[in-house]
Amino acid sequence: MFPLLETERLLLREIVMEDAAGIFACFSNENVTRYYGQETLTHFEQAEAFVDFFANSYRERRGIRWGIEIKGYEGLVGTIGFNAWSSKHKRAEIGYEIHPDHWRKGYSLEALAKVISYGFDELGLTRIGAVVFTENEASHQLLVKAGFQKEGILRDYMYQNGKAYDTCVYSYLKNN
């Protein structure tokens, strides 16, 4: 059964096909995808494919992605979760995005704190990593505020619209 997480203002829940519109609203917005390493969605069917991808990733224990819903409102405002999850090595990488209508309200930090706790307490992780485009100042600030430490730069690590970009790698260790 997919874990439902709750914070003061948010529900972090399973992403289902009915959420494809919310997924499309996020990933079709160039302000969301410009530092994502993911091309901007142009067709609704691509959002439906994301929903399937998230479900398969969880089923195959490669990752877990929650939809972020504000309590009292229907529909997703973003997603958050673990990619590259390795139970053997007790590590995963975290990723997230929020629709620009909900930026700068503290939702990302609130969701991040809950998912970090879940990763350590329920998944038995000892390391949570994050990879961020060097230009993504908001994400750098968020990760540091959440307790992550910058480890270094990965040169030409991710491609966006056919161009290679440097990224920063961060980590949060269980015994930080």
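**Figure 1. How the whole chain measures up as a globule.** This is a predicted model, and its chain has 176 residues. A compact globule with that many residues would have a radius of gyration near 16 Å; the chain comes out at 15 Å, so the two agree. Stretch a box along the principal axes of the C-alpha trace and you get spans of about 40 × 35 × 35 Å. As for what is tucked away, 45% of the 176 residues count as buried. On the outside, the accessible surface adds up to about 9600 Å². Carbon and sulfur atoms account for 48% of that surface.

**Figure 2. Following the chain from one end to the other.** Count the pieces and you'll find five helices and eight strands. In sequence order they run β-β-α-α-α-β-β-β-α-β-α-β-β, with three helices in a row after the opening pair of strands. Now for who touches whom: take the contacts between residues at least 6 apart in sequence, and 60% of them join residues at least 24 apart.

**Figure 3. A look into the cavity.** Rolling a probe the size of a water molecule over the atoms shows where empty space is left. Here, one cavity of 30 Å³ or more turns up, and the space in the largest cavity is about 50 Å³. Which residues line the largest cavity? They are F53, F54, S57, G63, I64, R65, F82 and N83. Two or more of these lining residues come from each of helix 3 (44-59), strand 3 (64-70) and strand 4 (78-86). Helix 3 is the top contributor, giving three residues to the lining. Sorted by class, the lining has four nonpolar residues, three polar ones and one charged one.

**Figure 4. Zooming in on L143.** You'll find L143 in helix 5, which covers residues 137-146. Is L143 buried or exposed? Its relative accessibility is 0%, so L143 counts as buried; the cut-off for buried is under 20%. What does L143 touch, once you skip residues up to four places away in sequence? The list is Y96, L112, A130, V132, F148 and Y170.

**Figure 5. L143 and L109, a pair from separate parts of the sequence.** Along the sequence, 34 residues separate L143 from L109. In space, their C-alpha atoms sit 8.3 Å apart. Keep helix 5 in view as you look at this pair, since that's where L143 lies.

Methods: Residues are numbered from 1 along each chain as its sequence is written. This is a predicted model: local features need pLDDT of at least 70, side-chain atom pairs count only at pLDDT 80 or more; totals for chains, interfaces and linings use all residues. Side-chain values use heavy atoms; hydrogens and water are left out. On a 1 Å grid over the protein atoms alone, a cavity is a set of points where a 1.4 Å probe fits but cannot get out, and a pocket is an open set with protein on both sides within 12 Å along at least five of seven lines; lining residues have an atom within 4 Å of a point. Grid points are joined across faces, edges and corners, and a volume is the space filled by probe spheres set on the points. Helices (H or I, at least four residues) and strands (E, at least two) are DSSP runs, numbered from the N terminus. Ala, Val, Leu, Ile, Met, Phe, Trp, Tyr, Cys and Pro count as nonpolar, Asp, Glu, Lys and Arg as charged, and the others, Gly among them, as polar. The radius of gyration is taken over C-alpha atoms; the globule rule is 2.2 Å times the number of residues to the power 0.38. Buried means under 20% relative accessible area, exposed over 50%, partly exposed in between (1.4 Å probe, protein chains only). Contact means heavy atoms within 4.5 Å. Accessible areas come from the Shrake-Rupley method with a 1.4 Å probe; for residues, only the protein chains shown count as cover.
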